[in-house]
Protein chains: 4
Amino acid sequence: MDLNKIILSDEARKELVNDRRWLHAHPEEGWCVFETTWFIVRRLRSLGLEVLAGIDVIEPDAVMGRNEALVLAAQQRAIEHGVPKEFLESLSGYTGAMAILRTGRPGPVTALRFDIDALPIEETDDPQHEANAGHFRSQNPGFSHACGHDGHAAIGLALCRWLSENREQLKGTVKILFQPAEEGVRGAAAMAAKGIVDDVDWFAGGHIGCSAKLGDVGVSHFGYLATTKFDLEFFGQSAAAGSPEKGRSALMCAAAACLSLGSLPGHSQGITRVQIGKFISGTGRNIIADHAYMQLEVRGETTEINDYMAKNVEQTVKGLALAYGVDYKLTRMGEAVTYKGDEEAVALLKSAAREVPGVHSVVDMNAKIGSEDCTMLIRRVQEHGGKAAFCYYGCNHHGHHRPDFSIQDETSLPIGWGTFARFIAEINSQD
Amino acid sequence: MDLNKIILSDEARKELVNDRRWLHAHPEEGWCVFETTWFIVRRLRSLGLEVLAGIDVIEPDAVMGRNEALVLAAQQRAIEHGVPKEFLESLSGYTGAMAILRTGRPGPVTALRFDIDALPIEETDDPQHEANAGHFRSQNPGFSHACGHDGHAAIGLALCRWLSENREQLKGTVKILFQPAEEGVRGAAAMAAKGIVDDVDWFAGGHIGCSAKLGDVGVSHFGYLATTKFDLEFFGQSAAAGSPEKGRSALMCAAAACLSLGSLPGHSQGITRVQIGKFISGTGRNIIADHAYMQLEVRGETTEINDYMAKNVEQTVKGLALAYGVDYKLTRMGEAVTYKGDEEAVALLKSAAREVPGVHSVVDMNAKIGSEDCTMLIRRVQEHGGKAAFCYYGCNHHGHHRPDFSIQDETSLPIGWGTFARFIAEINSQD
Amino acid sequence: MDLNKIILSDEARKELVNDRRWLHAHPEEGWCVFETTWFIVRRLRSLGLEVLAGIDVIEPDAVMGRNEALVLAAQQRAIEHGVPKEFLESLSGYTGAMAILRTGRPGPVTALRFDIDALPIEETDDPQHEANAGHFRSQNPGFSHACGHDGHAAIGLALCRWLSENREQLKGTVKILFQPAEEGVRGAAAMAAKGIVDDVDWFAGGHIGCSAKLGDVGVSHFGYLATTKFDLEFFGQSAAAGSPEKGRSALMCAAAACLSLGSLPGHSQGITRVQIGKFISGTGRNIIADHAYMQLEVRGETTEINDYMAKNVEQTVKGLALAYGVDYKLTRMGEAVTYKGDEEAVALLKSAAREVPGVHSVVDMNAKIGSEDCTMLIRRVQEHGGKAAFCYYGCNHHGHHRPDFSIQDETSLPIGWGTFARFIAEINSQD
Amino acid sequence: MDLNKIILSDEARKELVNDRRWLHAHPEEGWCVFETTWFIVRRLRSLGLEVLAGIDVIEPDAVMGRNEALVLAAQQRAIEHGVPKEFLESLSGYTGAMAILRTGRPGPVTALRFDIDALPIEETDDPQHEANAGHFRSQNPGFSHACGHDGHAAIGLALCRWLSENREQLKGTVKILFQPAEEGVRGAAAMAAKGIVDDVDWFAGGHIGCSAKLGDVGVSHFGYLATTKFDLEFFGQSAAAGSPEKGRSALMCAAAACLSLGSLPGHSQGITRVQIGKFISGTGRNIIADHAYMQLEVRGETTEINDYMAKNVEQTVKGLALAYGVDYKLTRMGEAVTYKGDEEAVALLKSAAREVPGVHSVVDMNAKIGSEDCTMLIRRVQEHGGKAAFCYYGCNHHGHHRPDFSIQDETSLPIGWGTFARFIAEINSQD
């Protein structure tokens, strides 16, 4: 394959932008990406690629942070929006998809992962805002693609077209993963557990924006904090305030949990974090609260440190429930590990990025903070002997997870596409 | 006046029951009793009594726990239900009323207080439930008269009819107060502050049910815990969990407040209580919460002890806000003092009750727990030299503040009426 | 017996004062009252009374708050001060005594209890101070009779002389208990458990001073808070601060315990208290503390409420130890129940006091605060069908448990003696 | 100077060992190193070096963690041990010293720092223990050189002899600092503040042992956590437990402080730590504690992070004192910053170490945990344009800060000496 010819045609570039805009207008959250999955699957089928979706790419036992009521509502909405019932049934309630190109020729297995979910953030109504000015603003009130996963998914689709059109120049196997529920680091673990990347030799993932500006590609050697997300509930006994001996306050137990969890000991080997972000308890001033609900997360500079923190959370919560005479339920809602790239894969991704039109600089970029569940897939690949790397393709955003997030210049999308296409080409092209 | 003739006519008894049922079907909450007030005022006018209502019986500066948005919505609903706009305007946003009978003859001033507000409790749909079987269930979804104030108000109206019909047999002045917002002990302080009971020589209040069963009248010598209700808010600084140094967690401050307030020192002179009943904070797991909202209350066996507790709350909250680098707002939402009846008034109420048809026993009944804001009016009366007492007229309920609260047998209402009518008669009747 | 002749002779009065001064000069603490016990036993023997002491009046299994090392040191000191070794051996390490007068004539069993221990308070060196001016100041540095138990014991001895001298005028049986370890409410439970008051028909105890001034005798119908005293230890894992994951901080667990115990819910039926008075933990700034030691107590307006509090302490501590991954040891160091006198016994004590020379007034005096372990003996008597009462004989002190506590005027002692002697005489004298 | 001739003579080696053993036998703590200072000063004078000591090398305003009572007792002991009074007076209560060699020839200023204080750890009585077997065990009960500063000081003295003997081969100026109170990171700040290293061009410090084994020299590019040590006291109001409203519990405030300080938010830029190591409060179970004393420390991966933590401690403590109505005193007892070596100095130190007889390997060794107040001097040097580095010279110890700490093989001492002598020689030798 002539690597210099890995350039998007005008038509393909137009499709890439249009796909991204359609996805932007139809944001879906977490495990609820039914319309999005249907959009992707329909396209993959039209491209003649092998397609797995829903239950075929997700291991239910490893699913975290999935709310059945939200899923049912999302399915209903998808039906109203024209997604075929049979298709939905085939998913068994799960979303996400994977395209597979089996060239039939011997060669390595390469996989790329794109996350496709949106956020529960109402998009700004500022008329200057990219999606408002461009008339592709979110049609799903209360939700928007405020982290750029619309771009990720569109790049994944453009890669699939390129794979389909260049299948004769390629060897081995290429897999393109479209992952739900990256927000809250919930989805990757279930894709990894399904075993669909166990045969992968080379793996890459990436993210638009973050610390990278337009024209920059950052490639990571290591980074991300490992994290575990928990929902925590305490179940006490309600009583009138006048009869305190008849009640068991879930609220007071939860308050004590905030302080005990907040003051968990750290770790000599690196950063630890505990964050309690939500606390809902009680029905009225003079009623002893019989229920408390908390959302929290721990992080660690290494996976081991994070496991240590998560284990401490479990012990602390169990003990406090006993102390306050209440029951509890601690649920893992998401999980990600730290990232340690394989130097060969990192080098490949770097060399791929350097040749992409529009790229001004390729730099080392290691995330000291934040978490990303692509690390769960990367760990799985590495456990099975594969090599993996992660990168950022820049855009001139002014902040993720904001109502006014925008990638500003859609020329960032072909850069992402080009980096990944060249990565595949360097690995799977026939000489 | 011939005391033996203080008996409800069949017609009056029917009106009493019908009034109670109409009020039961139209429950309104706290400061929002606009339809209820209109129902009362219209009747009082028809009886030819002097009437004050809204701003004329409520001192705005002393109002606690009033939510403007709820008041506006309630006014709107009242208009839709046919309450005249001019009447609503005359209230200046406040509810409650007072009837005055000035006989023109020299004599003492006697006042009785009836509370008229409902609770935010959805009435049970059990068909056996009194109001369902009798077809007068709450027409205001989410609200019901689950503490019997419908009966209180109806008795007050029946007393007004009796006053109107017997004005020639009476001397001095009689005032009948219809008080909003007893729930949360919010309303009495503002009626007291208005000065409308400053000239009162004899005062009585009462409650249906509680520890008294049908046929019993309990009269209190002392009782009730003094209490102060607080809403507490902390205002911090939001930040991503990954940048903890940029945030100030209102949630963590509120959790610390739970423990520090919960462990406030007690008092050598009697019972103290702290109860935190509600805690709402945070928007998401990985966002440092910039706001926390709490509902709490303190109680004390005496008014002094309660004041000591309330002062400690203020100091604790101020210090914790400083410690956590957050702002705070602590609002008094309600207040009641302890009750110490005047023995002369207690004796009068007892002797009045003993002669009422249907009363089997009259006993001492002193509330060790709970609070009642009638105590605020009683204190005001006593500060101005008047004498006061409080009583319970029994009914066979199976628990207040429950979806299935019911007074079961409406013969309890004439007993309440009879007790108060005789109380007035013993004081204000012409020999 | 001629009750009018129950008056101390000048000689007996002198002995009473001298005994009290000797005891004051030789204060011993808690379970360590070996010299005191020897002083008492020697006297009782000389009076020809039956005497039980040490292990014969104390049930070891029910002993609380006894420190073996302190006991051994006290025994050593007693030996140095001339107490015979054989006597000490006969005690088996326990102190306290009981005198018994068996008249041989049928009649009731009457018992009186006197507590004999001192406090770990250094006596003031103010030359005006009673014991300094009178040259009988504490010879045991760091300890003093700062609660008047020296007077109690001396009165008990004076009663024994009177019993001995009047045995022919008496019938039935009289027991005089000399109890160790009242401070910390530790000793009475073990005397009660020994069964030595199980046959008692009439029982009285009392205290000098408190709310009673010289010339007043207060008799209690009810009173005292029930209480349980705890020592609490947490055992964690030490580690350098730099390796927090290797440690388990007993200090942090103990701090959390302060807040959780401090915020234990109260009780609808009355006053509750939690007090943590001592907290010792840690060896250095940068070492994770592997040990924490706390002294705490709970109280309740009734024995049931106190039991509820004590049970909550147990549950809370167990849960927190689990939460923090540490071990714990919770030890009951003392216990007292509430007091409910028998009206017949109260009346007897009142009538006895009224006739005592020097008594100006006999009043009802019910302790709202504080605790007294005589209640443990009283409960035992009442459980076996006996009747009991408790009283105060006044003195012009200016505060108990202070370095400068003094009874000021030793004429208070004959008043205490007279009240108890008449109490016995009214019950056990032969007509 | 012929660098190959920088070898200790047998005599000098014997003196080095003898000095170390004498110092080991005479351990002194923190700011109390009077005998040690006299031992050093006497030697320096005999070597004909310029000497500054006590107040001349310590800036009183910058002194942290100095206890006047301990200092006075140490002075007294020094006098008893023969240290001349006039010498002690010349120190004005401060310890530590600096030798200066001014060659009179132009050239750079080089400084080396040796810390000289011991630890409050009782030396083991295991006969196998190095100092017991060698008959130089600590003669100061409760104290020992359990961190090897005896070796540090002895090496410094050996360097002074070498400087004295080789002064003609050197140019510029050389300063040898003997620093008190490194334990608790208390002393360096006051030496830095005195300005005595402001003219320094090249600076080196080091430590025996740590992660380096015998034959290894580790040189640091960066490392150490910045730290601030605090003593914290709360002053409340004592009262009997029965009258909680009269007290203000310093104990409860301190317990709340443990949880609030323990749960201080972290920092996005690196590791943070809070450690509370000591907590002493209260006099008895039923007395509200009027005093609490705590020892704590914070650390940060950078000096900025540590400052952020220290500032948060200040704010938290101030607020909690207000919340609990108590007074407080927060005292800085020690401080160290992070270390960032200058690459030129690091390279010099490495090349110096490589040539030292007995050195098998020279490696990069950067401390991830722990703190060292030499960083305060290094920062001062760097602020004035000098270059600095830090190293470890190995020994086969089995753990610092233990009763059985020993350097095992005294051949580690000449390695330390050799490294520093060559460092000086490379900088200050005349070609």
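Two residues are in contact here if their C-beta atoms, placed from the backbone, lie within 7 Å. With that in hand, let's look at a helix pair in this predicted model. In α2(A), A:Phe34, A:Glu35 and A:Trp38 meet A:Ala74, A:Gln75 and A:Ala78 of α3(A). Sorted by class, this α2(A) and α3(A) contact has four nonpolar residues, one polar and one charged.

As for how the pair sits, helix α2 (residues 34–46) and helix α3 (residues 68–80) of chain A pack at about 50 degrees, and their axes are 8 Å apart. That makes α2(A) and α3(A) oblique to each other, since the angle is neither under 35 degrees nor in the 65 to 115 range.

Further along chain A, an unreviewed UniProt entry places "domain: Peptidase M20 dimerisation" at residues 229–320. Over that stretch the chain is 34% helix and 34% strand, with the end C-alpha atoms 19 Å apart.

Now for the chain contacts. Where chain D touches chain B, each of the two gives 24 residues. On the chain D side, α8 (250–262) and α9 (303–324) are the elements giving two or more residues, and α9(D) has the largest share with nine residues. The classes on that side of chain D break down like this:

| Class | Chain D side touching chain B |
|---|---|
| Nonpolar | nine residues |
| Polar | 13 residues |
| Charged | two residues |

What turn lays chain C on chain D? A turn of 180 degrees does, with a shift of 0.1 Å along the axis and an RMSD of 0.1 Å. The two copies are thus related as by a two-fold rotation axis. Also, 100% of chain C's interface residues are interface residues in chain D too, so the copies meet through the same surface.

Key:
Residues numbered from 1 in each chain as written. Chains lettered and ligands numbered in written order. Predicted model: local features only at pLDDT ≥ 70, side-chain atom pairs only at ≥ 80, totals over all residues. Helix = DSSP H or I, 4+ residues; strand = E, 2+ residues; numbered from the N terminus. Nonpolar A, V, L, I, M, F, W, Y, C, P; charged D, E, K, R; others polar. Least-squares fit on C-alpha atoms with pLDDT ≥ 70 in both. UniProt positions renumbered as here; feature names shortened; annotations may be inferred. Axes fitted to C-alpha atoms, helices over the stretch in contact; angles between N-to-C directions. Parallel < 35°, antiparallel > 145°, perpendicular 65-115°, else oblique.
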